[in-house]
Amino acid sequence: MGDTVPMTKQELKEILAEQFSCDENELTSKTTLAELGADHEDLIELAWQLGEAIGVEVDEDRLQEVETLDELWRLARELEEEAE
């Protein structure tokens, strides 16, 4: 097991709120990236920020398969587990 501390769902919301200039309190598990207005460039930036937060490289192709915040959270957890 690595020295990294797993990212929290709150930290994920903070990343999304900063990137998409929205209120993190308005983000729910069912909020979609489409609702936030995510385009290809946003996904590249999100992949980078997510990678920084969890300590592993995130392929933006995997982000394209994600629709909701809950699915994004599951992907982040999977990537953290794969990195251990």
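This is a short tour of one predicted model, stop by stop, with something to select each time.

**Stop 1: a loop residue with an unusual angle**

Start by selecting S21. You'll find S21 in the loop between α1 (9-20) and α2. Is S21 buried or exposed? S21 counts as exposed, because its relative accessibility is 69%. Now check the backbone angles: phi of S21 is near 50 degrees, a positive value in a residue other than glycine. Why look twice at that? Most residues other than glycine have a negative phi.

**Stop 2: helix α2 and a neighbour from further along**

Next, click on E45. E45 sits in helix α2, which covers residues 40-54. With a relative accessible area of 33%, E45 is partly exposed. Keep E45 selected and add E60. How far apart are E45 and E60 in space, C-alpha to C-alpha? The answer is 8.8 Å, while in sequence E45 and E60 are 15 residues apart.

**Stop 3: a negative patch**

Now select E57, D59, D61 and E65 together. These four residues form a negative surface patch. Zoom in on D61, which belongs to helix α3 (residues 60-63). D61 has 46% relative accessibility, so D61 counts as partly exposed.

**Stop 4: from α3 across to α4**

Time for some salt bridges; the structure holds five of them. A quick reminder of the idea: side chains of opposite charge can pair when their charged atoms come close.

Select R62 and E78. They form a salt bridge, and the closest N and O atoms are 3.4 Å apart. This pair links distant parts of the chain, with R62 in helix α3, E78 in helix α4, and their positions 16 residues apart in sequence. R62 is partly exposed at 26% relative accessibility, and E78 is partly exposed too, with a relative accessible area of 39%.

**Stop 5: the loop before α4**

Move along to T68, in the loop between α3 and α4 (69-83). Show its side chain and look for E71: the side chain of T68 reaches the backbone nitrogen of E71 at 3.1 Å. Buried or exposed, what is T68? T68 counts as buried, because its relative accessibility is 14%.

**Stop 6: salt bridges within α4**

Stay with helix α4 and select D70 and R74. Their salt bridge has its closest N and O atoms 3.1 Å apart. Where do the two sit relative to each other along the helix? D70 and R74 are four residues apart in helix α4, so about one helical turn separates them. D70 counts as buried at 18% relative accessibility, whereas R74, at 44%, counts as partly exposed.

Now add K9 to your selection. K9, D70 and R74 are linked in a network of salt bridges.

For the last pair, pick E80 and R77. Their side chains meet in a salt bridge at 2.5 Å, N to O. E80 and R77 are three residues apart in helix α4, so about one helical turn lies between them. Which side of the buried cut-off does E80 fall on? E80 counts as buried, because its relative accessibility is 9% and buried means under 20%. Its partner R77 is partly exposed, with a relative accessible area of 28%.

Key:
Residues numbered from 1 in each chain as written. Predicted model: local features only at pLDDT ≥ 70, side-chain atom pairs only at ≥ 80, totals over all residues. Heavy atoms only, no water. Patch = residues over 30% accessible without salt bridge, like charges linked within 9 Å, V, L, I, M, F, W, Y side chains within 5 Å. Areas by Shrake-Rupley, 256 points an atom, 1.4 Å probe, with all protein chains shown as cover. Lys, Arg positive; Asp, Glu negative; His and termini not counted. Charge placed at Lys NZ, Arg CZ, Asp CG, Glu CD. Buried < 20%, exposed > 50% of the residue type's maximum accessible area, 1.4 Å probe, protein only. Polar contact = N/O pair within 3.5 Å; in protein donor to acceptor, adjacent residues only side chain to side chain.
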